[in-house]
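Grab a pencil and work through these exercises one at a time. Try each task yourself before you read the solution below it.

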Amino acid sequence: MNISQLEYFVTTVQHGSFSMAAKELFVTPQAVSKSVGDLERELHVHLCEKSGRSVKPTDFGRMFAARASEALSCLLDLETLARHQERVEADEGRISLAVACSPCRGNVIHAHNFAAFAKAHPRIELSTTYHSSGACLGALEEGVVDAAVIVGRTGKPGLSCVKLLAFPLHVAVTESHPLAAATSIRIADLEGTPLAAPEDLRYCRSFIADHLRARNVEPHFVPLEPFVDRNRHFLENERGALFVAPDVGLGTLYPSAVVRPLHAEDQMTVPLCLAYADAAENPVLPHLERYLLATAARIRRDLR
């Protein structure tokens with residue numbers, strides 16, 4: 001049993017199919033299927049059952065996935081701890097960072113998360129700007145910024161991509177909406193509900209659409225202007241639903257709404273990554289990367 005096998009199995013359970021897990025892991029479905037099969041043979045246990053294109057864990061597989069997820073999180077924390085022990089010669093300079101931001105759908109990284117960086121590195125001038133994920137990636141590709149925090153991975157040549165964390169998508173509806181009565185929402189229950197089109201077209205739109213179709217729900221996205229008033233009107237007057245990040249600030253934006261998690265079997269987790277050029281020569285970039293990894297570890301714990 002190795003770390004890759006655990007990661008492939010946990011991702012398969014989270015996404016409900018080998019193909020969607022493969023998309024998340026940037027490998028082939030055959031590689032995921034083989035890895036999970038090898039894990040079952042090595043442990044002499046039955047971890048999951050395949051039904052058509054879907055994969056569901058056995059009762060033991062569900063318990064095993066939960067424990068494996070905790071183990072992977074601990075390993076990431078250890079890696080973060082080890083990276084903190086690294087030191088680079090330079091501890092001063094400038095660096096610019098574009099951070100993916102969704103003013104209407106919630107965020108997991110906020111401006112206040114960077115306050116401690118200035119205290120820890122007083123001789124480093126960090127300049128942060130906040131845009132849509134696609135705009136952040138575009139600014140990085142054009143050399144406008146040194147690094148970018150983006151939604152989803154990027155496989156574009158010449159760019160390195162480091163996964164910081166993965167956050168679960170939630171669903172926001174008004175308190176009077178029929179879905180508000182549930183403690184968690186099944187994907188099947190969204191059939192017929194107007195869904196606001198994801199603001200991130202580069203990654204989230206196709207990711208959510210694929211997830212819904214995998215559960216036989218055809219998404220009918222309604223494009224909304226990126227203003228809180230328009231999103232609020234959509235919730236209150238059009239009986240729509242928003243896919244949102246787990247952000248307590250949403251209560252202030254939408255006081256008449258409730259935010260519900262997706263059911264455990266339908267959960268969608270969105271990766272948040274740090275991207276920078278392979279040839280980046282900014283000597284303070286390692287400091288920022290270590291800080292973001294440590295910050296992400298704390299955010300992950302808070303999201304549990």
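**Exercise 1: a nonpolar patch**

Which residues make a nonpolar surface patch of about 380 Å²?

Solution. Keep in mind that you're looking at a predicted model. Start with the members: the patch is made by Ile3, Leu75, Leu78 and Leu81. Next, ask where they come from. Helix 4, residues 59-84, gives the most to this patch, with three residues. Now zoom in on leucine 81, which lies in helix 4. Its relative accessible area is 54%, and exposed means over 50%, so leucine 81 counts as exposed.

**Exercise 2: a hairpin**

Find how strand 1 and strand 2 are joined, and look at what happens between them.

Solution. First, the direction: strand 1 (residues 48-51) and strand 2 (residues 54-57) run antiparallel, and four bridges join them. Then pick out a pair of facing residues: glutamate 49 stands opposite lysine 56 in strand 2. Finally, check the turn. The hairpin has two residues between the strands, and glycine 52 takes a positive phi near 65° there.

**Exercise 3: two enclosed elements**

Is helix 2 largely enclosed or largely open? Work out the burial of strand 7 as well.

Solution. Begin with helix 2, residues 18-25. The cut-off you need is that buried means under 20% relative accessible area. Six of the eight residues of this helix are buried, so the rest of the structure largely encloses it. Those buried residues are Phe18, Met20, Ala21, Ala22, Glu24 and Leu25. Just past the end of helix 2, phenylalanine 26 takes a positive phi of about 60°.

Move on to strand 7, residues 170-174. Five of its five residues are buried, so strand 7 is largely enclosed too. Check which way the residues point: His170, Ala172 and Thr174 go one way, while Val171 and Val173 go the other way.

Now look at the neighbours. Strand 7 runs antiparallel to strand 10, with three bridges joining them. It also pairs with strand 11 (residues 257-261) in the antiparallel sense, over five bridges. Histidine 170 is a handy landmark: it stands opposite valine 244 in strand 10 and opposite proline 261 in strand 11.

**Exercise 4: salt bridges**

How many salt bridges does a search of the whole structure find? Follow a couple of them along the chain.

Solution. The search finds 17. One of them joins glutamate 141 and lysine 156, whose closest N and O atoms are 2.9 Å apart. Glutamate 141 is in helix 6 and lysine 156 is in the loop between strand 5 and strand 6, so this pair ties together parts 15 residues apart in sequence. Both partners are partly exposed: glutamate 141 at 41% relative accessible area, and lysine 156 at 38%.

Next, try aspartate 266 and arginine 186, again with closest N and O atoms 2.9 Å apart. This pair links distant parts of the chain, 80 residues apart: aspartate 266 is in the loop between strand 11 and strand 12, and arginine 186 is in the loop between strand 7 and strand 8. Aspartate 266 counts as buried at 5% relative accessibility, whereas arginine 186 is partly exposed at 30%.

**Exercise 5: a pocket**

Which residues lie nearest the centre of the second largest pocket?

Solution. Start with the space: this pocket holds about 500 Å³. It is lined by 33 residues, and those nearest its centre are Ser102, Arg105, Gly106, Glu199 and Asp200. Last, list the elements that give two or more residues to the lining: strand 3, strand 5, helix 7 and strand 10.

Technical notes. Residues are numbered from 1 along each chain as its sequence is written. This is a predicted model: local features need pLDDT of at least 70, side-chain atom pairs count only at pLDDT 80 or more; totals for chains, interfaces and linings use all residues. Side-chain values use heavy atoms; hydrogens and water are left out. Two strands pair if DSSP finds at least two bridges between them. Patches are made of residues with over 30% relative accessible area and no salt bridge: like charges are joined within 9 Å, nonpolar side chains (Val, Leu, Ile, Met, Phe, Trp, Tyr) within 5 Å. Accessible areas come from the Shrake-Rupley method with a 1.4 Å probe; for residues, only the protein chains shown count as cover. A salt bridge is a side-chain nitrogen of Lys or Arg within 4 Å of a carboxyl oxygen of Asp or Glu. Buried means under 20% relative accessible area, exposed over 50%, partly exposed in between (1.4 Å probe, protein chains only). On a 1 Å grid over the protein atoms alone, a cavity is a set of points where a 1.4 Å probe fits but cannot get out, and a pocket is an open set with protein on both sides within 12 Å along at least five of seven lines; lining residues have an atom within 4 Å of a point. Grid points are joined across faces, edges and corners, and a volume is the space filled by probe spheres set on the points.
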